[in-house]
Amino acid sequence: MSHPASPDTAPVSLTTQGSIGILTFDAPPVNALSPQVRQGILDALRRLPRFPELQGLLLCAKGKTFIAGADIKEMQIGQQEPGLPSVIAALEACPVPSVAVLNGAALGGGLEIALACNARIAVPSAKLGFPEVHLGIIPGAGGAERLVRLTPFGSACDFIADGKPISATAARDMGLVDALAEPEALLDMAKALVLNPDLPARPIERSVVAHASDEAWQEAIRNRRKASKGVAAPTTAIQALRDAANMPLDQAQQANRHRYLTLRETRQAKALRGLFFAEREARKVPGLDPRAALSVETLGIVGGGTMGVGIAASALIAGLSVVLVERDGEAAELAKSRVAKLLVSADKRGLLAKVGGLDSALAKLNATADRPALAPCPFVIEAVFEDMAIKQAVLADIEAVVAPEAIIATNTSYLDINAIADTAGRPERVLGLHFFAPANINKLVEVIQTKAASPVALATAFAIADTLRKLPILAQVCDGFIGNRIYTRYRESCDFLLEEGALPQQIDAALIEFGFKMGLYAVSDMSGLDIAWAMRKRRAATRDPKARYSAIADKICEAGRLGQKTGSGWYRYAEGSKTPEVDPWVTELVEAESQRLGITRRAFSNDEIMEHVMQTMAQEAQAVLDEGIALRASDIDLTMVTGFGFPRHQGGPLFWAAQREPAKQPSRKD
Ligand code: NAI
């Protein structure tokens with residue numbers, strides 16, 4: 001029989017079953033460690049002495065997770081009392097042994113609580129992790145000190161510094177979990193475990209198992225520093241482990257709490273936290289009612305080129321059926337084989353397990369030249385050539401075969417979607433859904449709201465993005481929307497730097513030092529220079545003749561250098577290699593351009609290059625915000641980070657601008 005020992009409505013309750021106390025977390029949706037939950041645990045532990053018959057304590061949770069981590073709201077308003085270290089200290093001072101019963105995810109502070117118990121029992125589907133490094137911090141309540149007493153050196157380093165949750169089975173192999181149990185047997189097994197006289201001591205009372213020599217720790221720290229490319233937390237996490245393994249416990253606890261508190265206030269942690277909240281904010285769109293969305297089981301795609309194929313693969317991975325229409329049978333077959341290739345690689349990564357495997361996903365693809373096959377599709381994405389007349393004609397063709405309520409989205413990169421929609425019979429059903437290459441991998445999708453787009457069209461576009469596990473960000477119509485508009489300005493400004501004295505490899509090196517994974521010019525070579533070249537040619541007639549324009553990129557393309565695919569572009573590439581090599585031909589071209597323009601070249605430091613690049617990006621980002629193209633600053637930062645490889649720990653161009661040290665702000669003379 002169960003006896004309630006605290007009110008039912010509390011986020012933490014204490015009940016007893018015979019000689020076992022059961023402390024239950026019930027704070028939907030994920031039992032986050034809010035101040036109320038922490039206080040609830042302390043209160044429940046204080047009541048324990050009233051039950052002298054108790055011989056063991058179980059920590060259980062209602063819902064689908066154990067404790068999925070900190071309360072995100074508290075991160076915004078600042079830490080409140082009681083802090084997690086005092087909760088954990090109280091748990092470890094508890095007079096009876098305890099077992100954490102992991103019915104689901106135990107993450108961050110939730111895992112620290114579980115590690116304060118004598119043992120942990122988990123369902124096989126549970127996940128355990130310290131994702132703190134993704135927010136620029138390390139576990140703040142003794143996670144490192146407990147980890148080194150359960151897990152050997154190598155796995156402890158990876159676990160805390162990767163921040164990737166692991167399965168319960170992997171956690172058992174690492175020593176974090178003592179036993180696995182199916183959900184129906186979980187509680188009974190936990191009860192038996194907590195009363196078992198051989199129950200191990202609490203981790204904190206055990207001796208360290210993560211032993212390594214000084215050199216091994218130093219090497220782990222060095223390697224991590226190199227791999228984390230300017231992000232501090234993963235390296236600090238290993239330093240915390242090293243101290244946890246080598247120092248007396250109280251000193252390690254002090255040192256690591258200090259590390260946690262210091263990291264929390266860093267610019268990187270603020271940047272990463274900002275992006276964490278930005279992802280949640282981005283879905284809050286005024287007037288967007290998710291209930292208005294049409295239900296879509298079959299997605300139509302017209303155009304099976306680079307983008308159409310990637311979008312189709314995304315949809316099939318998400319379990320949708322796809323009708324992919326190409327110009328003729330041969331093109332349809334080619335598109336089909338390209339989708340199949342992407343699916344094979346998705347299958348290798350285990351991404352098709354949930355949709356019945358490769359064959360079942362492929363069976364849901366109908367690649368055809370037969371446009372009427374689109375008839376059953378409530379949502380059709382157009383990804384044909386970037387040409388207004390072709391897009392308008394394709395739109396009319398689609399409208400002729402789909403149901404009147406069907407929604408049509410264009411994947412155009414730059415064209416005026418209002419003008420595309422104007423020619424539609426039902427403009428309220430037309431909008432933009434702008435994916436980024438490679439569309440099967442890149443998570444960003446800009447949802448472009450046209451003048452006439454109906455709430456149903458908007459809601460369905462957001463719903464499709466969600467189904468495809470993308471991050472949808474609302475944008476209004478303008479040249480390049482949010483991302484490409486800022487990107488275009490940024491590239492243009494780098495080309496101006498070339499004219500003034502920099503070289504492509506220097507700019508790329510500065511960008512990499514700042515945190516980009518690749519430099520701008522190396523990325524351009526990888527994607528191919530022809531698309532942007534075609535766009536520049538198209539715009540040549542309407543370009544303001546007085547506006548500054550760099551001709552270097554055009555001259556590179558005119559020489560037949562279109563990037564990796566032609567063996568040269570901004571760099572040159574050895575036969576079959578993707579490694580960029582500095583090309584004297586480009587250096588000569590750049591220097592000749594400076595001369596032609598009468599510019600005296602000068603040297604630029606990496607800092608100067610980045611100052612220039614970031615100023616330009618921030619200015620354009622501010623214009624995008626001021627013009628109402630984006631709803632909020634955080635949407636813009638998220639766009640650049642998610643879609644354009646802007647380093648996460650730098651927060652985005654507007655975060656950068658807001659965080660500038662006052663000394664670097666332009667001084668105002670009164
Ligand atoms: P692509 O040239 O690789 O593919 C276009 C495909 O459309 C071709 O396979 C062509 O056969 C097909 N097509 C042309 N007219 C058609 C018609 N009437 N009916 C059926 N199929 C037709 O072009 P890509 O790169 O896939 O771009 C497609 C669209 O996506 C463009 O608007 C582009 O601006 C946009 N976009 C491209 C990105 C990229 O990185 N490639 C990124 C984001 C958007």
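1. Pro29 sits in the loop that links strand S3 (20-25) to helix H1 (35-47). In this predicted model, the peptide bond between Pro28 and Pro29 is cis, with omega at about 0°. Asn31 is found in the loop between S3 and H1 as well. Asn31 is not a glycine, yet its phi is positive, at about 55°.

2. A further cis peptide bond runs from Ala437 to Pro438, and its omega is near -10°. Pro438 belongs to the loop between S16 and strand S17 (444-449). Strand S16 (430-435) comes up again below, as a contributor to the ligand shell and as a member of the eight-stranded sheet.

3. On the division of the protein: the assignment gives domain 1 as 2-255, domain 2 as 266-295 + 608-670, domain 3 as 297-477 and domain 4 as 502-600. Domain 2 is thus listed with two segments, 266-295 and 608-670. Between the C-alpha centres of domain 3 and domain 4 the distance is 31 Å.

4. The ligand has 23 residues around it, and those that come nearest are Met307, Glu326, Glu386, Lys391 and Ser413. Sorted by class, this shell holds ten nonpolar residues, eight polar ones and five charged ones.

5. Which residues make polar contacts with oxygen atoms of the ligand? Lys391 is one of them: an N or O atom of its side chain is 2.7 Å from a ligand oxygen. Asn411 also uses its side chain, with a polar atom 3.0 Å from an oxygen atom of the ligand. For Gly305 the partner is a polar backbone atom, at 3.5 Å from a ligand oxygen.

6. How much of the ligand's accessible area does the protein cover? On its own the ligand has 830 Å² of accessible area, and the protein covers 82% of it. Three elements give two or more residues each to the surrounding shell: helix H13 (306-317), helix H16 (388-401) and strand S16 (430-435).

7. Eight strands make up an open sheet with mixed pairing, in the order S13-S12-S11-S14-S15-S16-S17-S18. At its edges are strand S13 (365-368) and strand S18 (471-476), each of which pairs on one side only. On average, neighbouring strands in this sheet are turned by 25° against each other, with direction ignored.

8. Within that sheet, which sense of pairing joins S15 and S16, parallel or antiparallel? Strand S15 (residues 407-410) pairs with S16 in the parallel sense, through three bridges. Thr410 stands opposite Gly432, which is in S16.

9. Another open sheet has three strands, ordered S6-S8-S9, and its pairing is mixed. Its edges are strand S6 (106-107) and strand S9 (166-167), and each of these pairs on one side only. Strand S8 (residues 127-129) and S9 run antiparallel and are joined by two bridges. Here Lys127 stands opposite Ser167 in S9.

10. To draw the points on S16 together: strand S16 lies between S15 and S17 in the order of the eight-stranded sheet, and its pairing with S15 is parallel. Strand S16 also gives two or more residues to the shell around the ligand. The loop between S16 and S17 holds Pro438, whose peptide bond from Ala437 is cis.

Key:
Residues are numbered from 1 along each chain as its sequence is written. This is a predicted model: local features need pLDDT of at least 70, side-chain atom pairs count only at pLDDT 80 or more; totals for chains, interfaces and linings use all residues. Side-chain values use heavy atoms; hydrogens and water are left out. A residue is near a molecule or strand if one of its heavy atoms lies within 4 Å of it. A polar contact is a pair of N or O atoms within 3.5 Å; within protein, one must be able to donate a hydrogen and the other to accept it, and residues adjacent in sequence count only if both atoms are side-chain atoms. Accessible areas come from the Shrake-Rupley method with a 1.4 Å probe; for residues, only the protein chains shown count as cover. Helices (H or I, at least four residues) and strands (E, at least two) are DSSP runs, numbered from the N terminus. Ala, Val, Leu, Ile, Met, Phe, Trp, Tyr, Cys and Pro count as nonpolar, Asp, Glu, Lys and Arg as charged, and the others, Gly among them, as polar. Two strands pair if DSSP finds at least two bridges between them. Axes are lines fitted to C-alpha atoms, for helices over the stretch in contact, and angles run from 0 to 180 degrees between N-to-C directions. Domain bounds come from an automatic or database domain assignment.
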